[in-house]
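The exercises below are to be worked with the sequence and the coordinates side by side. Each one sets a task and is followed by a solution in steps.

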Amino acid sequence: MMKNVIEVRDLVVVRSGRTVLPGIGLDVAPGVTGLLGPSGCGKSTLMRAIVGVQRVRSGSVDVLGLPAGAKALRHRIGYQTQAVSVYDDLTVAENLRFFSRVLGADAAEVDRVVDAVDLSDHRNQTVGNLSGGQRSRASLAVALLGSPDVLVLDEPTVGLDPVLRRDLWQLFHRIADSGACVLVSSHVMDEADRCDRLLLMREGRIIADGTPDEIRAKSGSDNIEDAFLRLVEEAA
């Protein structure tokens with residue numbers, strides 16, 4: 001098994017004249033890795049670069065041994081953006097049938113992913129009539145089509161109730177247990193303990209990398225939020 005699925009080296013991204021990522025470097029291995037940090041710290045930009053849809057100034061991003069954005073990666077990466085990426089005028093099932101054809105996934109995948117995100121009772125509802133959390137889950141279902149080797153999920157649990165958040169994290173771990181790499185971003189620090197490994201991010205830089213226990217121990221803190229604040233103070 002490949003040790004690192006994602007390798008980022010000296011990545012610089014400039015958007016609207018502002019340097020968002022000032023030369024970041026990191027590795028991500030199979031398992032569930034959490035990318036945690038406050039809104040605006042560069043998490044989404046980093047994820048876009050990993051998927052290959054972000055213009056970069058310099059540096060490199062490799063995924064599964066190939067440059068990010070390579071054609072051969074299109075069916076091996078599942079990506080959920082913060083913005084809902086399904087069609088409001090189609091039902092959940094119609095959206096998934098459409099995207100399964102685009103991806104060349106088996107038609108049976110539709111039932112599997114609908115069940116996985118707990119939308120079975122809403123499969124025939126028009127997406128535009130769903131709640132925000134349900135629409136977000138429909139987008140997640142699209143990312144799960146075809147059982148990709150790499151899942152890049154940008155704040156997939158925002159706005160969801162605690163029970164559903166718990167169920168989705170269990171799903172992420174089941175996917176990772178099959179050998180996949182799952183990278184999940186969040187600005188909610190209490191989700192840290194749901195991850196195998198954490199990357200704490202601030203102002204475009206990784207300020208801590210390790211298991212939740214390692215980061216707490218290194219900072220001498222009882223929880224990840226306190227650890228994050230202490231690390232920020234030490235870096236100032």
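**Exercise 1. Backbone angles in loops**

In which loop is Asp118 found? Locate it in this predicted model, then examine its phi and that of Glu203.

*Solution.* Begin with the position: Asp118 belongs to the loop that connects helix 3 (109-116) with helix 4. Next, read its backbone angle, which is near 60° and therefore positive, although the residue is not a glycine. As background, most residues other than glycine have a negative phi. Then turn to Glu203, which sits in the loop between strand 9 and strand 10 and has a phi near 50°, again a positive value in a residue other than glycine.

**Exercise 2. The sheet of four strands**

Establish the strand order of the open four-stranded sheet, identify its edges, and describe what packs on it.

*Solution.* First, the order is 2-1-4-5, and the pairing is antiparallel. Second, the edges are strand 2 (18-28) and strand 5 (66-67); because each has a single partner strand, one side of each lacks a neighbour in the sheet. Third, helix 1 (residues 43-51) packs on this sheet, where it touches strand 1, strand 2 and strand 4 (58-63), and its direction makes about 120° with that of strand 1.

Fourth, follow the pairing in detail: strand 1 (residues 6-15) and strand 2 are joined in the antiparallel sense over eight bridges. Within this pair, Glu7 stands opposite Asp27, and Val13 has Leu21 as its bridge partner. Finally, the two strands form a hairpin with two residues between them, and Ser16 in the turn has a positive phi of about 55°.

**Exercise 3. The sheet of six strands**

Work out the order and the edges of the open six-stranded sheet, and place helix 4 relative to it.

*Solution.* The strand order is 6-7-8-3-9-10, with mixed pairing. Strand 6 (77-80) and strand 10 (205-210) are the edge strands, and since each has a single partner strand, one side of each is left without a neighbour in the sheet. Neighbouring strands are turned against each other by 15° on average, with direction ignored.

Inside this sheet, strand 3 (residues 31-36) pairs with strand 9 (residues 197-202) in the parallel sense over four bridges, and Leu35 has Leu199 of strand 9 as its bridge partner. Helix 4 (residues 132-144) lies across strand 6 and strand 7 (150-154), and runs at about 170° to strand 6.

**Exercise 4. The largest pocket**

How much space lies in the largest pocket, and which elements each supply at least two residues of its lining?

*Solution.* The space amounts to about 610 Å³. Of the 23 residues that line the pocket, the closest to its centre are Arg74, Ile77, Gly78, Tyr79 and Leu103. The elements asked for are strand 6, helix 2 (92-103) and helix 4. Sorted by class, the lining has 14 nonpolar, eight polar and one charged residues.

**Exercise 5. The annotated span**

Compare the domain record with the coordinates of the span that it covers.

*Solution.* An unreviewed UniProt entry lists residues 6-228 as "domain: ABC transporter". In the model, the end C-alpha atoms of residues 6-228 lie 24 Å apart, and the span is 32% helix and 28% strand.

Technical notes
Residues are numbered from 1 along each chain as its sequence is written. This is a predicted model: local features need pLDDT of at least 70, side-chain atom pairs count only at pLDDT 80 or more; totals for chains, interfaces and linings use all residues. Side-chain values use heavy atoms; hydrogens and water are left out. Two strands pair if DSSP finds at least two bridges between them. Axes are lines fitted to C-alpha atoms, for helices over the stretch in contact, and angles run from 0 to 180 degrees between N-to-C directions. Contact means heavy atoms within 4.5 Å. On a 1 Å grid over the protein atoms alone, a cavity is a set of points where a 1.4 Å probe fits but cannot get out, and a pocket is an open set with protein on both sides within 12 Å along at least five of seven lines; lining residues have an atom within 4 Å of a point. Grid points are joined across faces, edges and corners, and a volume is the space filled by probe spheres set on the points. Ala, Val, Leu, Ile, Met, Phe, Trp, Tyr, Cys and Pro count as nonpolar, Asp, Glu, Lys and Arg as charged, and the others, Gly among them, as polar. UniProt positions are given in the numbering used here, feature names are shortened, and annotations may be inferred rather than shown by experiment.
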